[in-house]
Every structure is written in C-alpha cells, then in structure tokens.
Amino acid sequence: MAKVDVNATFRRLQNRYRLVIMNDDTYEEVVTFKLSRLSVYIGLSTIFVLLVGLTVALLAYTPLKYYMPGYGAGRENKIELQVLKMRTDSLEQALHYKDQYMDNIKRVLNDGNTTQRDTAVIAIPKQDNSND
C-alpha cells in the first residue's frame, strides 16, 4: 500500500484556481473568483453547518416542533390522555349496564322469564289462633 504524503496533500489543497464567469455573447468576464480546494471545502462545510443550525433552531423555537413525532407538550398531554381513558372506560361500563338493564326489561315484557318456579306442595301445619 502506498504511503500518503501529508505535505503533498496539504499543498494540493492550497493550490489556487481561477473561476471565471463570462458573458457568452460578448466573451466579457462578468465575475472572477480565485479559489483553492481548501476554501471550497471550508465554504461548503460552513454552509452545511449553518443550514443544519437554522433547521434545528426553526424546529426548536417555533410551533413546528409539535408536528415532530414523539414530541408533545409533555406531562399535560399525558395527564389529559389518562383522564380521557378513565372517562371512556366509565362510559363503556355505563353502556354495558344500560344494555343489560334493557335486555332484562325486554325479557320481562315478552314474558321470557326463564327461571324455574318451585311447584312442590309444602305441608304447613295450621296454627290455632283461639285464645284459651
């Protein structure tokens, strides 16, 4: 494997290049830039860091953060969710009891009483209520 010369790599990064923007019709130089590879890397890295920083700041300090999944108002939302769960459970239970009540009413009105009646004759001795 070939050894990489650090000095040669750094010199290559510092070589100067000229970027010329010309008018196509008149061949007049509109803008001229003197650049090196190092300055281009630094410029692009700076732009990238600034864009990431602006995006993070935009999401952290504006109401856009509420659209991010997993982010909420925190404890208030959790408490509200628990209250709503308890209300839902109690409403489901009340609905179940009401349905049972209505079924029992329907059964009584339709004479659908399914309980067995005791028809065995019980001998009860008569008591004498005469005063002696």
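Strands here are DSSP runs of at least two residues, numbered from the N terminus. With that in hand, we can place Ser36 in strand E2, which covers residues 29-36. Keep in mind as you look around that this is a predicted model.

Let's start with how far the prediction can be trusted. The protein chain has a mean pLDDT of 87, with 90% of its residues at 70 or more. Helix H1 (residues 6-14) has the lowest confidence, a mean of 84, while H2 has the highest, at 95. As a general caution, predicted coordinates should not be read in detail where pLDDT is low.

Now turn to the strands. E1, spanning residues 16-22, runs antiparallel to E2, and seven bridges join the two. Across this pairing, Arg18 faces Lys34 in E2. Six residues lie between E1 and E2 in what is a hairpin, and in its turn Tyr27 shows a positive phi of about 55°.

Back at Ser36, is the residue buried or exposed? Ser36 counts as buried because its relative accessible area is 8%, below the 20% cut-off. Leaving aside residues up to four places away in sequence, Ser36 touches Leu13, Gln14, Asn15 and Tyr17.

Finally, follow the chain into helix H2, residues 37-61, where you will find Tyr61. Tyr61 makes a nice counterpoint: this residue is exposed, because its relative accessible area of 72% lies over the 50% cut-off. To get a feel for distance, compare Tyr61 with Val20: they sit 41 residues apart along the chain, and their C-alpha atoms are separated by 41 Å.

Notes
Residues numbered from 1 in each chain as written. Predicted model: local features only at pLDDT ≥ 70, side-chain atom pairs only at ≥ 80, totals over all residues. Heavy atoms only, no water. Helix = DSSP H or I, 4+ residues; strand = E, 2+ residues; numbered from the N terminus. Buried < 20%, exposed > 50% of the residue type's maximum accessible area, 1.4 Å probe, protein only. Contact = heavy atoms within 4.5 Å. pLDDT = per-residue confidence, 0-100. Pairing = 2+ DSSP bridges.
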